[in-house]
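User: I am a first-year student and would like to learn how to read a protein model step by step. Could we go through this one in questions and answers?

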Amino acid sequence: LSEPTTIHWHGLRIPAAMDGTESVQASVEPGESFDYEFTVPDAGTFWYHTHVNETEQLERGLYGALVVRGPGEPALDDDRVLMLDDLKLDEDGQLAPFGDHHELHEGREGEVRLVNGLQEPELELAAGQVERWRIVNAANTRFMRLSIGGRPFTILGTDGGLIGAPVEATEVLVTPGERVELAVGPFAEGDVHELEA
């Protein structure tokens, strides 16, 4: 990068010196490097993101998912990570410049909604299958109340990993930075549903 950055490992219980926040790590300057070394003690869905000029670097895509598997994981037909985000674009379709201090510090809502970096893509599931969806809300301000056209799904886990017992639901609120794990399906062949936020 042409500017400094660090990586914060969101939700992981790791040594403070590896956490990537300004209080424990100096920024990695352009041309420099830093090795993060730690053992992850917990299974679950986590994510990492920049922690310098965070709002702008995050909006430019400096984040990703981190899946840690452990014993006793639910056996489903497939496992899918969905990184949810939004972008604010200008009239030329470019990332809109950031405004005042409030927007730089608190974030902003954008009009373009993304799933894994794509604008509102279609997701295909095999008929009759149940998938584990590991959902991360990477948006810096937007709360997302998710539903699949009112169809039921099962909540398997949250920020802390798997929950004690699965919970049936038809919608779930995912706040900025939060994760949730769902069992989704089965659907019949030819079914079309909208993932609504």
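User: In what order do the seven strands of the open sheet lie?

Analyst: Strands here are DSSP runs of E with at least two residues, helices are runs of H or I with at least four residues, and both are numbered from the N terminus. Two strands pair if DSSP finds at least two bridges between them, and in this predicted model the pairing within the open sheet is mixed. The edge strands, each pairing on one side only, are strand 6 (118-119) and strand 10 (161-169). The order of the seven strands is 6-5-4-7-12-9-10.

User: How should I read the numbering and the reliability of the model?

Analyst: Residues are numbered from 1 along each chain as its sequence is written, and side-chain values use heavy atoms, with hydrogens and water left out. Because this is a predicted model, local features need pLDDT of at least 70 and side-chain atom pairs count only at pLDDT 80 or more, whereas totals for chains, interfaces and linings use all residues.

User: Which residue in strand 5 is the bridge partner of L84?

Analyst: Strands of a sheet pair through backbone hydrogen bonds, either parallel or antiparallel. Strand 4 and strand 5 (residues 112-115) pair in the antiparallel sense, over four bridges. In strand 5, the bridge partner of L84 is V115.

User: Is R80 buried or exposed?

Analyst: R80 lies in strand 4, and, leaving out residues up to four places away in sequence, R80 touches L123, E124, L125, E131, R132, W133 and R134, where contact means heavy atoms within 4.5 Å. Buried means under 20% relative accessible area, exposed over 50% and partly exposed in between, with a 1.4 Å probe and protein chains only. The relative accessible area of R80 is 18%, so R80 is buried.

User: Which residues touch the most other members of the largest nonpolar core?

Analyst: A nonpolar core is a set of buried Ala, Val, Leu, Ile, Met, Phe, Trp, Tyr and Cys residues joined through side-chain atoms within 4.5 Å. The largest one has 18 residues, and among the elements that give two or more residues to this core are strand 7 (131-137), strand 9 (153-158) and strand 12 (179-184). The members that touch the most others are I135, F153, V172 and L182.

User: What is the phi of N53, and what is that of E120?

Analyst: Most residues other than glycine have a negative phi, and most peptide bonds are trans. N53, in the loop between strand 2 (44-50) and helix 1 (54-59), has a positive phi although it is not a glycine, and E120, in the loop between strand 6 and strand 7, likewise has a positive value. For N53 the phi is about 45°, and for E120 it is near 40°.

User: What is the omega of the peptide bond from G185 to P186?

Analyst: P186 is found in the loop between strand 12 and strand 13 (195-196). The peptide bond from G185 to P186 is cis, with omega near 5°.

User: How far apart in sequence are the parts that the pair of W9 and Y48 ties together?

Analyst: Rings of Phe, Tyr and Trp (its six-membered ring) pair if their centres lie within 6.5 Å, and planes under 30 degrees apart count as stacked, over 60 as edge-to-face and the rest as tilted. W9 and Y48 form a tilted pair, with 5.7 Å centre to centre and 50° between the planes. W9 lies in strand 1 (residues 7-10) and Y48 in strand 2, so the pair ties together parts whose separation in sequence is 39 residues.
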